[in-house]
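Open the model in your viewer and keep the selection tool ready. This tour moves from strands to rings to charges.

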Amino acid sequence: MKPLHLLIVLCCLANSALAAPAPASYVLENTEVRDLRAQALKRDYQLYVALPDSYRQGNKRYPVLFVVDANYAFPVVRNIAQRLNKHAGMEEVIVVGLSYANGDGGVYSRRRDYTPTTPRKHDYRSDMPGRQPAFGEAKAYGQFISGEVFPFIAQHYRANMQRKVFIGHSYGSLLGLQFLLTEPRTFEHYILGSPSLWYDAGVMFDREQAYAASHKDLPASVFFGIGGLEKLAAGKKRSRSEEDADMVADLREFDGKLTSRKFPGLKTRLRVFADEDHASVFPFVLTHGLRAYLTSAK
């Protein structure tokens, strides 16, 4: 083949490759994405909604699972809930994933929205160049969930809003504790995995003590879960700091304080999953947390 002809062939092949359509994305069935403006916060978020397979077939209302850190947790919750229904007879649910704020990095958004305070001592760096890290807006973000997300879901879906479940992990569980120790009836069940109880020198221990001093009841159902490997390394001295926290001991202590109050309306379970760490434990916490609340025909 002459050089000119070869060049023409190569150009044609290159143009064909450029013109070829991009491969299609994988889409989870029966899911929707909704945009929602947080009016008081002046930020935009998305809701990822997964509907049960039977949703189009009748007028039934379903329990609804609200999961934070949705960018990674939503497909995990959706798929495990679906599998528990199909293979273990657990009732169907609607899953609502709460995204990070549009335009914000995930670390930036969750530090700000899920934490109860600005830590008194910290050297955190921002994952967003030109913006200082932000903290302590859990109360305001929680008001967005209860005041704007709940009405939106109730209006647009057949959700049983008397059977709402909160699902969080790590910082997400701090947000769950914010609800639990301020407005516990916001959710009917809490699934809280590996809560960062070391945060701000253990501020949630202070919050729990303050709640107990001013309340005679804490009406809530809570499932706590954590990996057995989330403990302090040998030779280190435990403290209320991220570097020297024993998260297993912290959670046992926190749950012990709650149960010692003998609140008549409080039901807690704590499960430590051996051989699991902070990164791997979430599916186990979720599965057992759902079984602690949802009914099963089998």
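Helices (H or I, at least four residues) and strands (E, at least two) are DSSP runs, numbered from the N terminus. Two strands pair if DSSP finds at least two bridges between them. This is a predicted model, where local features need pLDDT of at least 70, side-chain atom pairs count only at pLDDT 80 or more, and totals for chains, interfaces and linings use all residues. Residues are numbered from 1 along each chain as its sequence is written, and side-chain values use heavy atoms, with hydrogens and water left out.

**Stop 1: the hairpin**

Select residues 31–38, strand E1. Add residues 43–50, strand E2. E1 and E2 pair in the antiparallel sense, over eight bridges. Now click Arg37; its bridge partner in E2 is Asp44. Four residues lie between the two strands of this hairpin. Among the hairpin's residues, pick Lys42: it takes a positive phi near 60°.

**Stop 2: the other partner of E2**

Stay on E2 and add residues 94–98, strand E4. The two run antiparallel, joined by four bridges. Select Tyr48; opposite it, in E4, stands Gly97.

Is E2 enclosed or open? Six of its eight residues are buried, so the strand is largely enclosed by the rest of the structure. Buried means under 20% relative accessible area, exposed over 50%, and partly exposed in between (1.4 Å probe, protein chains only).

**Stop 3: aromatic pairs**

Rings of Phe, Tyr and Trp (its six-membered ring) pair if their centres lie within 6.5 Å; planes under 30 degrees apart count as stacked, over 60 as edge-to-face and the rest as tilted. The structure holds 23 such aromatic pairs.

Select Tyr72 and Phe282. Their rings pair edge-to-face, 6.2 Å centre to centre with 70° between the planes. This pair links distant parts of the chain, 210 residues apart: Tyr72 is in helix H2 (residues 70–88) and Phe282 in helix H8 (residues 282–291). Tyr72 counts as partly exposed, because its relative accessibility is 38%. Phe282 has 6%, so it counts as buried.

Next, select Phe187 and Tyr190. They too form an edge-to-face pair, with 5.7 Å between centres and 70° between planes. Both residues are buried. Extend the selection to Phe66, Phe150, Phe166 and Phe179: together with Phe187 and Tyr190 they form one aromatic cluster.

**Stop 4: charges over rings**

A charge sits over a ring if NZ of Lys or CZ of Arg is within 6 Å of the ring centre and within 35 degrees of the ring normal. Select Tyr108: Arg131 lies over its face, at 4.3 Å from the ring centre. Finish at Tyr55, where Arg158 lies over the face at 4.2 Å from the ring centre.
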